[in-house]
Amino acid sequence: PRELNGVARTLNPSIDGQGREQLVVPKRLEEFREVNGEPLGKPKYLGHAKHTPSDHVFGTPSQRGPEWGVRECMANYSAEEQQPDPDLGISVRPGWRNSADADRVFGTPTIRSDIRAPGLKSVADHQNYGDEVPAGALLYPSRFIDSGISGNDFLEARSKEEIAEIFTAAGENIDEDHIAAIFSQAATLDPKGRVSIESFRRTLNGS
């Protein structure tokens, strides 16, 4: 069947007496519904303000006043401000001034010649007492090192009898008078008159 006044009834359902009567409620009730309701697809109204201007920015500002940036740090210093600080390289605190002799050396020396080396050094002792071989001796060790003879053994001061015994055991046939003459000549090479195997050998080869 044909329906009449369909648009009118849609806009005003009360024409037929079937629609709900429009009620006018207090504005306070509508505001209560807006605050406590959860609208679909819209932000919840918290009662602070319904309308905000288009240039409104939410949140806390990153800076509340003028602050320095890269430009000020690089090119906004005066000539006086560009001078070094008065405590640069020196101590200006009373009682903490770095005043010392010009030849004073601070810190711990690498080679601890200031203390006595222990008679039996522990493997946990990392100090260098000056009795360790340099890096060159580790890279190019002596040919006698396999026999347990180090270079210091050739430079150690020895008596005439001990040197004569060593050279005789090495196969050198030298009489006692010659050994005494070579030993006396080698003693003149050392300020304290000490003779080592190396100085005796050099004197023997040069005679």
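Trainee: At what angle do helix α6 and helix α7 pack?
Mentor: Heads-up: this is a predicted model, where local features need pLDDT of at least 70, side-chain atom pairs count only at pLDDT 80 or more, and totals for chains, interfaces and linings use all residues. Numbering starts from 1 along each chain as its sequence is written, and side-chain values use heavy atoms, leaving out hydrogens and water. Axes are lines fitted to C-alpha atoms, for helices over the stretch in contact, with angles from 0 to 180 degrees between N-to-C directions. For α6 (residues 160–169) and α7 (residues 176–187), the axes are 11 Å apart and the angle is about 120°.

Trainee: Which orientation class does the α6 and α7 pair get?
Mentor: Under 35 degrees counts as roughly parallel, over 145 as roughly antiparallel, 65 to 115 as roughly perpendicular, and the rest as oblique. The α6 and α7 angle is about 120°. The two helices are therefore oblique.

Trainee: Which residues of α7 meet α6?
Mentor: Contact means heavy atoms within 4.5 Å. From α6 come Lys160, Ile163 and Ala164, and they meet Ile179, Ala180 and Phe183.

Trainee: How many helices does the protein have?
Mentor: Helices are DSSP runs (H or I, at least four residues) and strands likewise (E, at least two), numbered from the N terminus. Along the sequence the pattern reads α-α-α-α-α-α-α-α. With zero strands, the helix count is eight.

Trainee: Which class, stacked, tilted or edge-to-face, fits the rings of phenylalanine 144 and phenylalanine 154?
Mentor: Rings of Phe, Tyr and Trp (its six-membered ring) pair if their centres lie within 6.5 Å; planes under 30 degrees apart count as stacked, over 60 as edge-to-face and the rest as tilted. Phenylalanine 144 is in the loop between α4 (135–139) and α5 (151–155), while phenylalanine 154 is in helix α5, 10 residues apart. Their ring centres are 5.2 Å apart with planes at 45°, so the pair is tilted.

Trainee: What is the relative accessible area of phenylalanine 154?
Mentor: Buried means under 20% relative accessible area, exposed over 50%, partly exposed in between (1.4 Å probe, protein chains only). Its ring partner phenylalanine 144 counts as partly exposed at 31%. Phenylalanine 154 is also partly exposed, with a value of 23%.

Trainee: How far apart are the C-alpha atoms of arginine 202 and isoleucine 182?
Mentor: Arginine 202 belongs to helix α8 (residues 197–206), and at 58% relative accessibility it counts as exposed. Isoleucine 182 and arginine 202 are 20 residues apart along the chain, and their C-alpha atoms are separated by 9.7 Å.
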